Structure formats: C-alpha cells, structure tokens
Amino acid sequence: MSRQLFSLGIDGWGVDFCADLIETAKDSGDSHFVVCSYSDLASQRFSTINYFSCLICNFSILGECALDEIAKAGTAS
C-alpha cells in the first residue's frame with residue numbers, strides 16, 4: 001500500500017515491527033520504511049515530518065491500547 005501512495009506523489013512512511021518485512025520493502029527500492037513498535041512511534045523521527053494527516057493501519061487492529069498509541073503518535077508534534 002505504501003508504494004502505491006508513494007507512486008501518486010504522497011509523502012509518507014511504511015512502519016512495521018518486523019525487521020524482515022522492512023528490509024524486503026527497502027530492498028525493493030523504497031527508503032521510507034522503518035522498523036518501529038507502536039509504543040515507540042511517538043519518539044520515532046520521520047525525516048522532516050512532524051505530524052501525519054492520515055494514518056493507515058493495515059492488520060494493526062490489535063486492541064484499544066494499540067490503536068490509542070498509534071493515534072497519539074500520529075498527532076504528536
């Protein structure tokens with residue numbers, strides 16, 4: 001999904017806790033991928049992006065706590 005958005009000129013990042021998935025994505029030629037847990041999202045640096053206007057969570061609906069962490073990280077400035 002991230003590569004499709006990138007191809008449309010949408011700036012963003014692909015994030016996953018699984019390092020193997022991130023390495024595979026980077027090996028495909030994209031650099032905007034980072035290994036990160038939900039709890040570390042708020043402290044993770046994403047180049048010059050200070051906040052996200054949209055968060056897409058694919059296969060991330062793991063419970064209220066995880067969603068709360070994602071939402072807080074996406075709006076932190």
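Here are a few friendly notes on the structure above.

1. Please keep in mind as you read that this is a predicted model. Its chain has 77 residues, and 22% of them count as buried.

2. On the fold, the secondary structure amounts to three helices and two strands. Going along the sequence, these elements alternate in the order α-β-α-β-α.

3. For the contact pattern, consider the pairs with a separation of 6 or more: 36% of those contacts in the chain are between residues 24 or more positions apart.

4. The largest nonpolar core is made up of five residues, namely V34, C36, L41, F46 and I49. If you want one residue to start from when you look at this core, F46 is a member, and its contacts are listed in the next point.

5. Leaving aside residues up to four places away in sequence, F46 touches W13, V15, V34, L41 and F52. Among these partners, V34 and L41 also belong to the largest nonpolar core.

6. The cysteines deserve a look too. C36, a member of the largest nonpolar core, has a relative accessible area of 7%, so this residue is buried. C18 has 31% relative accessibility and therefore counts as partly exposed, because that category lies between the 20% and 50% limits. As for cross-links, the structure holds zero disulfides.

7. Finally, the surface: the accessible area of the chain comes to about 5,600 Å². Carbon and sulfur atoms account for 54% of that surface, which may be handy to have beside the buried share of 22%.

Technical notes: Residues numbered from 1 in each chain as written. Predicted model: local features only at pLDDT ≥ 70, side-chain atom pairs only at ≥ 80, totals over all residues. Heavy atoms only, no water. Disulfide = S-S within 2.5 Å. Buried < 20%, exposed > 50% of the residue type's maximum accessible area, 1.4 Å probe, protein only. Core = buried A, V, L, I, M, F, W, Y, C linked by side-chain atoms within 4.5 Å. Contact = heavy atoms within 4.5 Å. Helix = DSSP H or I, 4+ residues; strand = E, 2+ residues; numbered from the N terminus. Areas by Shrake-Rupley, 256 points an atom, 1.4 Å probe, with all protein chains shown as cover.
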